[in-house]
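Q: Please take a close look at a single part of this model for me, and then set it in the context of the chain around it. I would like the cut-offs spelled out as you go.

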Amino acid sequence: MKSRLKSVGEHGSYIFRHNLKITQLGKSGQIDEAIKVFQQMTHQNTVTHNSMISVYAKNGRISDARQLFDGMPHRNIVSWNSMIAAYLHNDMVEEARHLFDKMPSRDLYSWTLMITCYTRNGKLAKAKDLFNLLPYKWNPVCWNALVAGYVKNRLFDEARRLFDEMPAKDLVSWNSMLSGYTRNGEMRLGLQFFEEMAERDVVSWNLMVDGFVEVSDLNSAWRFFEKIPNPNTVSWVTMLCGFARFGKIAEARRLFNQMPVRNVVAWNAMIAAYVQNCQVDEAISLFMEMPEKNSISYTTVINGYVRMGKLDEARQLLNQMPYRNVAAQTAMISGYVQNKRMDDACEIFGQVSTRDVVCWNTMIAGYAQCGRMDEALQLFKQMAKKDIVSWNTMITGYAQVGQMDAAIKIFEEMKEKNIVSWNSLISGLTQNGSYLDALKSFMLMEHEGHKPDQSTLACGLSACAHLAALQLGVQLHQHVMKSGYATDLFVSNALITMYAKCGSISSAELLFKEIDCFDVVSWNSLIAAYALNGNGREALKLFQKMEVEGVAPDEVTFVGILSACSHAGLINQGLKLFQSMVKAYKIWPLAEHYACMVDLLGRAGRLEEAFQLVREMKIKANAGIWGALLGACRIHGNLELAKFAAEQLLELEPHKTSNYVLLSNMQAEMGRWEEVARVRRLMKEREAEKQPGWSWIELQNRVHAFLSEDPAQPRAVELCNLLRSLTAHMGNTADMPLECF
């Protein structure tokens with residue numbers, strides 16, 4: 001009998017030890033090791049299965065958790081609750097409710113889990129309906145869950161009303177209500193509620209300290225911290241992180257040194273403070289002193305190495321980890337992505353056993369940034385669970401490589417869209433020249449109830465600028481004033497550019513004068529405005545004023561001012577400015593600057609100087625440079641140099657018909673018909689197709705676009721008849737030669 005009891009005891013001890021090990025491995029992210037322990041157990045009980053379900057869930061392997069749950073020989077109420085908690089942890093509300101409805105019996109925890117599942121996902125009406133079905137309303141636990149849901153969604157009045165109705169309140173109830181105020185920045189209400197509390201614990205004080213830190217009131221946070229009767233580690237760490245957030249790293253370290261007890265969380269917080277403040281060497285030094293490290297310690301230092309660009313050291317530390325978790329591996333992937341080392345990133349990604357959504361998104365973003373959209377799409381399709389960031393990344397990626405049809409397709413497939421989704425689409429359309437579609441999307445966005453932000457407004461203004469749609473631009477300006485973005489520098493600069501491109505230079509000047517705090521983009525916008533409208537001398541005056549006020553010009557400034565000199569024929573001034581780029585400002589000319597100089601010299605007939613400048617360039621000439629030279633040759637009739645420039649241009653842009661047309665017309669003017677025929681043949685051989693011309697007019701707050709030979713134009717016949725009538729009328733009143741190609 002004794003031996004039998006001993007055997008049972010050893011058996012129970014064996015299961016208990018292994019169950020505990022599975023739980024510990026799961027908490028530390030070592031899921032593969034946890035699975036090995038589970039599979040190697042000779043004896044398992046219901047607790048073993050419940051523990052493994054939780055491990056799977058916390059590591060994002062929800063399908064494995066459900067498979068294990070379905071295969072359990074015996075389930076208790078903890079099994080059901082564990083699976084519901086798994087769905088809660090992964091925001092799978094419908095699956096959680098379906099399982100909840102199938103439960104043979106429920107306890108208070110079951111109800112609390114399901115209510116929390118609804119509140120976390122903003123489904124407050126369903127949470128309240130479920131709460132009303134609760135058989136035991138005397139216990140504050142479910143009340144607390146619902147109160148927490150209301151305050152999280154900033155429904156403070158409803159939360160307070162529910163709080164006041166509670167038949168019994170515990171400290172969790174009071175702290176739940178308090179956290180709603182403090183975590184949403186409502187510190188006046190939070191302080192008032194804190195003073196009403198009949199009883200407080202260290203959690204109450206910590207919430208107040210954290211709340212003041214969040215609203216950037218570090219002095220009040222410190223005053224509260226000093227008053228805490230018995231601060232715990234969370235108290236010290238909260239205050240330490242507050243100092244670190246505002247760059248007071250010395251104060252943070254002093255507080256760290258004063259801590260009576262430092263656990264691994266405190267060490268990690270101090271290391272993270274150093275990393276956030278770019279003191280990575282200090283972070284590494286402290287990391288080496290740690291008596292005990294966990295995965296967060298390693299991940300934080302890896303992030304530090306990545307920030308410094310020390311990817312080899314980061315990789316070495318990753319390899320030294322006792323166990324690699326997804327956060328550390330994602331940090332390493334992010335480092336490789338930032339440096340466009342996608343093959344290395346892919347290698348790490350392949351080693352991640354359990355990928356969370358952040359890991360997937362980081363890898364997809366890397367491919368998107370490198371223009372490798374086929375690989376990005378392949379990963380996107382493999383994702384079992386996508387979040388809104390996944391979708392937005394794909395839209396942005398396709399827009400960057402000019403595949404707007406694919407971007408629109410992804411956008412239309414999205415079930416839920418946020419402001420970033422719309423901004424990604426609208427900015428993509430604007431960047432790819434689909435200005436009308438950008439404005440249509442802007443209006444559709446408002447129609448669907450999304451409020452535009454500064455990025456949306458700036459994109460809309462950019463579209464108006466490119467279309468010269470002044471009336472629509474003025475309407476958007478009014479929208480800016482009403483929405484409170486009038487002082488936003490990003491929007492103000494876009495407004496200056498819009499008015500400039502629409503020819504309203506006085507409005508652009510007025511806006512510039514109204515800006516309280518300029519940046520270099522503001523100056524560039526007005527300089528470009530003057531250049532665009534032929535006011536070269538005004539542009540020069542503004543550039544000189546910019547210098548006097550100590551604003552350092554950048555590459556864009558010089559593109560604007562050189563363009564202004566070119567359009568105004570200010571040759572000497574342009575040459576001096578070009579020379580000052582390197583001598584005075586250490587700005588090395590780009591292709592855009594050389595194109596401006598070639599245009600400037602070419603307009604003045606100094607073609608040999610322009611050509612000499614191109615030959616002596618330290619960079620490779622692009623289409624803009626050769627195009628400027630070809631245009632100048634056309635004006636001044638230099639056919640030989642034009643032929644050379646055209647050959648270079650046709651190599652770079654073999655399918656652009658305007659280049660062939662320009663060269664052919666020059667040959668025709670000189671009577672070289674054989675060369676005209678040769679250019680025509682070359683155009684056909686290279687399959688250069690002439691893009692249909694299109695124009696637009698703004699009438700009664702609408703932009704009407706007209707595409708050449710567009711059968712879809714509703715009044716095409718009427719328009720053609722009117723055009724013939726006008727052409728005939730002009731032919732009768734003036735002798736106007738027509739050139740055809």
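A: Lysine 340 counts as exposed, with a relative accessibility of 52%. For this kind of label, buried means under 20% relative accessible area, exposed means over 50%, and partly exposed is anything in between, with a 1.4 Å probe and protein chains only. The backbone at lysine 340 deserves a look as well: phi is positive there, at about 60 degrees, although the residue is not a glycine. Most residues other than glycine have a negative phi. Lysine 340 sits in the loop between α21 (326–338) and α22 (342–351). Helices here are DSSP runs of H or I with at least four residues, strands are runs of E with at least two, and both are numbered from the N terminus.

A word on the ground rules before going further. This is a predicted model, where local features need pLDDT of at least 70 and side-chain atom pairs count only at pLDDT 80 or more, while totals for chains, interfaces and linings use all residues. Residues are numbered from 1 along each chain as its sequence is written, and side-chain values use heavy atoms, with hydrogens and water left out.

Now step from the loop into α22, where alanine 345 lies. Alanine 345 is at 0% relative accessibility and counts as buried, whereas lysine 340 in the loop counts as exposed. Not counting residues up to four places away in sequence, alanine 345 touches Ile333, Tyr336, Val337 and Met363; contact means heavy atoms within 4.5 Å. Ile333, Tyr336 and Val337 have numbers inside the 326–338 range of α21. A C-alpha to C-alpha distance goes with this picture: alanine 345 and methionine 332 are 7.5 Å apart in space and 13 residues apart in sequence.

Serine 216 makes a good companion to lysine 340. Its phi is near 65 degrees, again a positive value in a residue other than glycine. Serine 216 is also found in a loop, the one between α13 (202–214) and α14. At 48% relative accessibility, serine 216 counts as partly exposed. After that loop comes asparagine 219, which lies in helix α14 (residues 218–227). Asparagine 219 is exposed, with a relative accessible area of 57%. From asparagine 219 to valine 209 the C-alpha separation is 9.9 Å, over 10 residues of sequence.

Two other helix residues show partly exposed positions. Valine 559, in helix α35 (residues 555–568), has a relative accessible area of 27%. Leaving aside neighbours within four places in sequence, valine 559 is in contact with Glu592, His593 and Cys596. Valine 559 and cysteine 596 are 37 residues apart in sequence and 7.1 Å apart from C-alpha to C-alpha. Glutamate 509, in helix α32 (residues 505–514), is at 23% relative accessibility. With neighbours within four places left aside, glutamate 509 is in contact with Leu526 and Tyr530. Glutamate 509 and glutamine 544, 35 residues apart in sequence, have C-alpha atoms 16 Å apart.

For a helix with a buried side, turn to α6 (residues 93–102), whose buried residues are Val93, Ala96, Leu99 and Phe100. Seen down the axis of α6, these fall within an arc of 130 degrees, so they line one face of the helix; the arc is that of the directions from the helix axis to the C-beta atoms. They pack against α4 (62–70), α5 (77–89), α7 (108–120) and α8 (124–132).

Finally, the whole chain. Its secondary structure comes to 43 helices and 2 strands. The radius of gyration is 34 Å, well over the 27 Å that the globule rule gives for 741 residues, so the chain is more spread out than a compact globule; the radius is taken over C-alpha atoms, and the rule is 2.2 Å times the number of residues to the power 0.38. Along the principal axes, the C-alpha atoms fill a box of roughly 120 × 55 × 55 Å. Of the 741 residues, 46% count as buried. Among contacts with a separation of 6 or more, 56% come from residues 24 or more positions apart.
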